[in-house]
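Reader: I would like a close look at the surroundings of the ligand, followed outward into other parts of the chain. Please define each term as you reach it.

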Amino acid sequence: MKVTLRIVLSIFIAISLIVLLFTLFQVQQEKARLKAELEHRVSLLAESLEESVAPLVGQGNLDRLKSIVGKFSNRQRLEGVAIYDTKDNLIAATPDLAPMPPTIPTIVTDAMNANQAEGVFITIKDKRRYLYVLPINRDGNVAGALVIFNDATYIQERLFQIWKNNFVRLLVQAFFISLITMLVIRWSISGPIARLVEWMKGFREDKAIEPFHLPKGNIFEPLTKEITHMVRSIMVARSAAEEEARLRHTADSLWTAKRLTEHIRSLLKDKNLFVVSNREPYMHVRSGDQMECIIPASGLVTAVEPVLEACGGLWIAHGSGEADKEVVDQQDKIRVPPEEPLYTLKRVWLTTEEEEGYYFGFSNEGLWPLCHIAHTRPIFRRVDWNHYQTVNEKFARAVLEEIYATDEPLVLVQDYHFALLPRLIKEERPDARIALFWHIPWPNPESFGICPWQREILDGMLGADLIGFHIQLHCNNFLDTVDKALESRIDWEHFAVKRKDHTTYVKPFPISIAYPGDSNNLNLTRIKKGDIFKQLGIKSRLLGVGVDRLDYTKGILERLRAIERFLDKYPDYKGKFTFVELGAPSRTLIKRYQELVKEIEAEVERINARFQTGDWKPIILLKRHHSHKEIKPFYESADVCLVTSLHDGMNLVAKEYVAAREDEQGVLILSRFTGASRELRDALIVNPYNIEQMADALRTALEMDEEEQRARMQKMRESLRSNNIYRWAANLIEELTKIRIEY
Ligand code: F6P
């Protein structure tokens with residue numbers, strides 16, 4: 001209040017000073033104008049009068065003179081006219097001049113002596129007057145003087161009027177400006193501050209769950225952003241502390257970020273962790289003329305990022321964002337996450353040809369369909385293979401440069417993009433401990449055998465000391481493949497391959513997510529299902545969600561057909577159930593992916609055309625990249641989440657949905673061909689090729705009572721809690737450090 005008063009007072013004083021200055025200026029100008037106008041008018045009158053009276057002065061024709069002069073009385077502001085002779089005697093005057101002082105003002109004498117007209121403002125009998133004296137000439141001599149008396153009080157009155165008007169204007173302006181200022185202060189400053197304080201109080205008392213928002217452009221927006229970050233960090237710390245406390249009372253087998261940090265520190269001492277992947281955790285892209293930092297839609301990133309956040313270290317990845325180069329230092333490095341840097345990202349640049357051959361070509365048209373067996377034929381081209389080798393060599397050089405000064409460095413190579421990397425590093429640095437984690441399935445030897453360079457790929461991989469897959473089946477398939485393709489000895493007892501004096505251990509490490517304990521899981525946002533439908537512009541009651549990269553392995557078409565079958569079979573759900581697909585476009589340069597997007601769009605259109613009514617649709621396809629923050633409300637509100645991959649190494653969407661359900665409600669429909677189905681056994685497990693079964697599972701999910709939902713969700717959350725990403729990283733790294741390296 002005090003501040004408001006101070007601001008209003010200051011504004012009032014400032015306006016007063018401005019008005020005062022302007023009024024002074026205006027008054028001066030007006031005064032000069034009025035005076036000049038009066039002088040001009042009077043001099044004209046005097047000159048015209050002089051012509052009539054000059055011949056009469058000195059002739060003694062006083063009666064005629066008096067009659068001429070008498071005519072000039074009673075004119076506006078003209079008080080009268082007097083004629084003096086050269087001896088200063090009044091010889092004629094208008095009758096109204098009687099109350100004037102009988103003494104002649106000296107100005108008359110002076111004007112006659114100088115024979116020059118003169119005007120003066122003078123106060124006579126307490127009244128401001130203007131006297132104009134014009135010498136009368138006859139025959140070249142001064143014969144007398146014509147004096148005009150004018151009322152000049154109106155000038156003062158006019159000036160006073162200006163002061164008065166401006167004062168009233170000042171009051172009105174000051175009132176309105178103060179009022180507007182107070183309102184603006186209230187709306188833009190004290191209001192938001194009061195709300196912010198209330199919000200922080202709620203948070204302190206553990207009640208604040210809604211994020212604090214101010215309209216875009218509000219001056220406090222940066223401040224609230226910072227406060228929100230701070231609150232998030234405090235909430236993370238608070239929940240970590242709660243988790244720690246909980247852990248003290250439960251089994252020691254639960255892993256948190258903190259515990260992983262300590263564990264890795266004790267394993268690595270002061271050494272850095274080196275991670276290599278194709279996909280980078282943060283991409284700088286352009287959105288209009290703004291630069292944006294986005295987290296790519298990638299299971300790998302979802303999983304590995306929390307590990308780097310907990311342990312620090314260096315992550316080497318392909319810089320694929322169009323603005324990536326603009327933000328790195330001279331060594332192509334940048335500290336991330338951008339809001340709170342915890343580790344370093346080093347970007348490796350690829351030429352367009354390299355990216356096309358290595359990433360789109362060999363990795364994603366060759367190895368990806370080869371390993372997934374989702375009925376898309378792998379394409380192997382010599383030129384792609386050449387680029388694949390070149391890029392693996394490029395990344396090997398980048399890794400070797402970085403590990404140069406570290407003894408027995410620990411290198412975690414990620415995924416099928418870098419099958420050759422372990423061997424390339426090992427040849428140069430036999431002391432390095434290298435793990436290769438394969439994020440996608442490994443097929444049976446016959447399937448893998450169609451790859452023309454299977455031996456080179458297997459040899460490259462076996463440069464690693466440890467190879468990880470999500471599940472045991474993929475480990476077995478890999479060992480079988482090596483057994484059939486390479487000269488080697490398979491140790492089935494220890495799940496290892498011995499080749500050229502080097503042993504590679506092959507083990508399952510089911511990857512997971514940061515649960516609990518990452519800020520994404522904190523309940524800062526709570527958008528209701530009704531709001532989601534409203535934002536989508538439809539009316540519905542039950543919500544289904546799918547979150548995928550638009551990839552043919554994800555079984556999206558099968559899912560859509562299952563929804564169609566469900567509505568045909570259970571028509572009561574028409575108008576009540578809507579499925580939203582949050583589909584991130586992926587690998588869009590590849591023809592098969594372009595075709596898939598068209599097929600999905602056509603199916604959505606076809607099914608909607610069959611069922612949709614005025615304000616309801618069965619399927620909504622939101623085809624764009626969605627941030628974690630945007631996806632979260634869908635996870636939190638969906639009655640059912642559909643993960644129907646035709647084949648998937650793990651699938652972290654299934655785990656993210658379970659993690660988001662703090663209310664222990666919602667049902668997960670999960671393909672039996674995902675790694676996740678081995679762990680999340682309380683999902684409704686389906687065969688995505690069986691449309692009838694999926695339609696029925698959808699109905700079971702939507703009709704499941706709350707108790708059963710809770711029981712299933714609790715068990716899945718418990719499993720997730722003990723098999724989180726921290727445990728994955730701890731197991732993998734510990735296993736790697738246990739291996740005896742001979743060099
Ligand atoms: O699942 C395999 C994988 O490479 C993941 O590692 C990653 O999450 C996903 O595919 C995304 O693919 P891309 O990096 O090609 O967009």
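Author: Helices (H or I, at least four residues) and strands (E, at least two) are DSSP runs, numbered from the N terminus. The model is predicted, so local features need pLDDT of at least 70 and side-chain atom pairs pLDDT 80 or more, while totals for chains, interfaces and linings use all residues. Residues are numbered from 1 along each chain as its sequence is written, and side-chain values use heavy atoms, with hydrogens and water left out.

The ligand is surrounded by 13 residues (each with a heavy atom within 4 Å of it), and the closest of these are S298, G299, Y359, D415 and R587. Two helices, α7 (299-311) and α8 (352-372), each supply at least two residues of this shell. Three polar contacts (pairs of N or O atoms within 3.5 Å; within protein, one must be able to donate a hydrogen and the other to accept it, and residues adjacent in sequence count only if both atoms are side-chain atoms) can be described here. In the contact with D415, an N or O atom of the side chain lies 2.7 Å from an oxygen atom of the ligand, and in the contact with R587 a polar side-chain atom lies 2.8 Å from a ligand oxygen. L300 takes part through its backbone, a polar atom of which is 3.1 Å from an oxygen atom of the ligand. Taken alone, the ligand exposes 380 Å², of which the protein buries 91% (Shrake-Rupley areas, 1.4 Å probe; for residues, only the protein chains shown count as cover).

D415 deserves a second look, since its backbone has a positive phi of about 80° although D415 is not a glycine. This residue is found in the loop between β12 (410-414) and α10 (421-428), and it counts as buried because its relative accessibility is 6% (buried means under 20%, exposed over 50%, partly exposed in between). D88 also has a positive phi without being a glycine, in its case about 70°. The loop that holds D88 runs between β1 (78-85) and β2 (90-93), and with a relative accessible area of 26% D88 is partly exposed.

Another aspartate, D324, lies in the loop between β9 (314-318) and β10 (333-336), where its relative accessibility of 0% makes it buried. From this position the side chain of D324 reaches the backbone nitrogen of H284 at 2.8 Å and the backbone nitrogen of S320 at 3.0 Å. Further along the chain, a cis peptide bond joins V336 and P337, with omega about -5°, and P337 is placed in the loop between β10 and β11 (343-348). The peptide bond from Y515 to P516 is cis as well, with omega near -10°, and P516 belongs to the loop between β17 (502-508) and α14 (529-536).

Turning to later residues, S637 lies in helix α17 (residues 628-637) and is buried at 10% relative accessibility, while a polar atom of its side chain lies 2.6 Å from the backbone oxygen of P633. The loop between β21 (640-643) and α18 (652-660) contains L646, which is buried with a relative accessible area of 6%. M650 is found in the loop between β21 and α18 too, and it is buried at 2%. The C-alpha atoms of M650 and S677 are 8.1 Å apart in space, with their positions 27 residues apart in sequence, whereas those of L646 and I122, 524 residues apart along the chain, are separated by 109 Å.

Technical notes. Buried < 20%, exposed > 50% of the residue type's maximum accessible area, 1.4 Å probe, protein only.
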